[in-house]
Amino acid sequence: MPTAAALAHIPGPPALPLLGHTLGIVRNSYALQEQAIATYGPVYKVNMLGVWRVNLCGVEALETVLLDRDGIFSSEAGWSALERIFPGGLMLQDVAEHRQNRRIMQSAFRAEAMRDYLRRMETVLADLLADWPTERAFRFYDAIKDLTLRVGCAVFMGLPPDDPLAARLNRAFIDEVRATVGLVRAPLPFTAMRRGVRGRAFLRDTFRRLIAERRAAPGEDFFSQMYVATDAEGQGWSEDEILDQFNFLMMAAHDTTATALTTMAWALGAHPEWQEALAGEAEALNRPLDEAALATMARTEQVFKEALRLVPPVPFIPRTVTRDFHWQGFDIPAGTAITLNPGTTMMSPELYPDPARFDPGRFSSSRAEDKRHRFAWTPFGGGAHKCIGMHFSTLQVKLLVACLLPRCRIELAGSPAPVWQRLPIPRPRDGLPVVLRPR
Ligand code: HEM
């Protein structure tokens, strides 16, 4: 890892002793970043958790690093903050190892398997939504996070949606994710890392038991698919590999989708005309709600895309440079930790005029603001590590809209402009209080 002296030629905001910019990043990473770009330009450095990181901002940086044509950017080293909790996850692998494991995981997302997940997801969603309160305020974020986790448990693990185990799994995932940004990096008593390591042990034990059950009686769930999944050469995963890949996948799947749906709930509450348009679209759907039916939900897709632009669940993408690299006039030595910024890039007025405004029409074919550059819209990343669950999460979001909006109207019951905590995964600080009014 290069020293501060090796990066002395790269500008950046003044750093506090020891803490560097950590507090500023945790408190309001977007504000720090916008100010740094305005002052120093698209290449600047910050110190986060004791590590100097060079930020490379804008669409060209996203394109160069994510496509990685010269094979010099490591995702494994970039995401090393996750290493203790999510070792062996797909995103923490590079090159040949990553390619092979991605092929294996891909086979659990093939069309036939997706059809089964979708069927199962519709039943589970309808059951879970029936239990949501009406005519009284509740915290949407908490409810949707619990719901996406239960959907994940049902679809991926074959558990009943009301299985009491889901609440314990949810707690363990929360502890894992918090540990990844804990200030103390060793699992010492009373630290977030200690809770995260315990959460990981609990999840692995639970998955191991479920795998044994599925091996005895395979089903259509993701676990059963992963157990038989192989790449073209017939290579599959050992039990330990399944445990690690699955631990990462479940976290990646439910937390991100919960954030996206929370942003949508806020936007629809604040823009009733869009909410009515989506309710109308949902009511007009042909049943059963298969992929063909969901593909007709064009306006829902626009709202989903706009929600992901305004509050991307993964606003920063880290990598580590493995060979010396020259970028926009700066020498960046091998070993440097770099950060890409899809979040602030998608708030750039050159790409998206009046960027803070909720305006799903930007994604209509006549305006197509997201097509101004290949990397103008990047909530799912790009290149070799592009989100493998993009299609799955789009289907899940559309299914939820199709099940909820024809029955209820969402009304905001808290601040009309919630404050977002961006790290580790964005969520509204007040949990987004809402009231559901039956139609
Ligand atoms: C709105 C929802 C989601 C968002 C915004 C999102 C975002 C992302 C992003 C930005 C990456 C790339 C990170 C990088 O390049 O370093 C990624 C990777 C990944 N995502 Fe998602 N994700 C979402 C939903 C899901 C779902 C539903 C699943 C699984 C069913 C999933 C599984 C994964 C996996 C396994 C990877 C690693 C891929 C690889 O390294 O090859 N994600 N996601």
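**Exercise 1. Aromatic pairs**

Determine how many aromatic pairs a search of the whole structure finds, and classify the pair formed by phenylalanine 207 and phenylalanine 246.

*Solution.* The structure is a predicted model.

Step 1. Searching the whole structure yields 15 aromatic pairs.

Step 2. A pair of aromatic rings is characterised by how far apart the centres are and by the angle between the planes. For phenylalanine 207 and phenylalanine 246, the ring centres are 4.9 Å apart and the planes stand at 90°. Planes over 60 degrees apart count as edge-to-face, so the pair is edge-to-face.

Step 3. Phenylalanine 207 belongs to helix 8 (residues 192-216) and phenylalanine 246 to helix 10 (residues 239-270); the pair therefore ties together parts that are 39 residues apart in sequence.

Step 4. Both phenylalanine 207 and phenylalanine 246 are buried.

**Exercise 2. Ring cluster and charges over rings**

Identify which residues ring pairs link into a cluster, and locate the charged groups of lysine 305 and arginine 422 relative to aromatic rings.

*Solution.* Step 1. The cluster joined by ring pairs consists of Phe304, Tyr352, Phe363, Trp377 and Phe380.

Step 2. The face of tryptophan 377 has lysine 305 over it, at 5.5 Å from the ring centre.

Step 3. Tyrosine 30 has the charged end of arginine 422 over its ring, 3.7 Å from the centre.

**Exercise 3. The iron atom**

State which protein atom is the donor to the iron atom of the ligand, and place its residue in the secondary structure.

*Solution.* Step 1. The protein provides a single donor, SG of Cys387, 2.3 Å from the iron atom of the ligand.

Step 2. Cysteine 387 is found in the loop between helix 14 (342-345) and helix 15 (390-404).

**Exercise 4. Alanine 212**

Decide whether alanine 212 is buried, partly exposed or exposed, and give the separation of its C-alpha atom from that of arginine 367.

*Solution.* Step 1. Alanine 212 is a residue of helix 8.

Step 2. The relative accessible area of alanine 212 is 45%. Buried requires under 20% and exposed over 50%, so alanine 212 is partly exposed.

Step 3. Alanine 212 and arginine 367 are 155 residues apart along the chain, and their C-alpha atoms are separated by 52 Å.

**Exercise 5. The cavities**

Describe the volume and lining of the largest cavity and of the second largest cavity.

*Solution.* Step 1. There are two cavities of 30 Å³ or more.

Step 2. The largest cavity encloses about 80 Å³. Its lining divides into 10 nonpolar, no polar and no charged residues, among them Phe140, Met264 and Ile410. Helix 10 gives the largest share of this lining, four residues.

Step 3. The second largest cavity holds about 50 Å³. Its lining comprises four nonpolar, five polar and no charged residues, including Thr148, His254 and Gln396. The largest share, four residues, comes from helix 6; helix 6, helix 10 and helix 15 each supply at least two residues.

**Exercise 6. The second largest pocket**

Characterise the second largest pocket by its volume and by the residues of its lining.

*Solution.* Step 1. The volume of the second largest pocket is about 510 Å³. Of its 26 lining residues, Arg178, Gln421, Leu423, Pro424 and Arg427 are the closest to the centre.

Step 2. The lining of this pocket is made up of 14 nonpolar, five polar and seven charged residues.

Step 3. Helix 1 (22-40), helix 6 (140-157), helix 7 (165-179) and strand 11 (427-428) each contribute at least two residues. Helix 7 accounts for the largest share of the lining, five residues.

Methods
Residues are numbered from 1 along each chain as its sequence is written. This is a predicted model: local features need pLDDT of at least 70, side-chain atom pairs count only at pLDDT 80 or more; totals for chains, interfaces and linings use all residues. Side-chain values use heavy atoms; hydrogens and water are left out. On a 1 Å grid over the protein atoms alone, a cavity is a set of points where a 1.4 Å probe fits but cannot get out, and a pocket is an open set with protein on both sides within 12 Å along at least five of seven lines; lining residues have an atom within 4 Å of a point. Grid points are joined across faces, edges and corners, and a volume is the space filled by probe spheres set on the points. Ala, Val, Leu, Ile, Met, Phe, Trp, Tyr, Cys and Pro count as nonpolar, Asp, Glu, Lys and Arg as charged, and the others, Gly among them, as polar. Rings of Phe, Tyr and Trp (its six-membered ring) pair if their centres lie within 6.5 Å; planes under 30 degrees apart count as stacked, over 60 as edge-to-face and the rest as tilted. Buried means under 20% relative accessible area, exposed over 50%, partly exposed in between (1.4 Å probe, protein chains only). A charge sits over a ring if NZ of Lys or CZ of Arg is within 6 Å of the ring centre and within 35 degrees of the ring normal. Donors are N, O and S atoms within 2.8 Å of the metal (3.2 Å for Na, K and Ca); water is not among the atoms, so sites may look incomplete.
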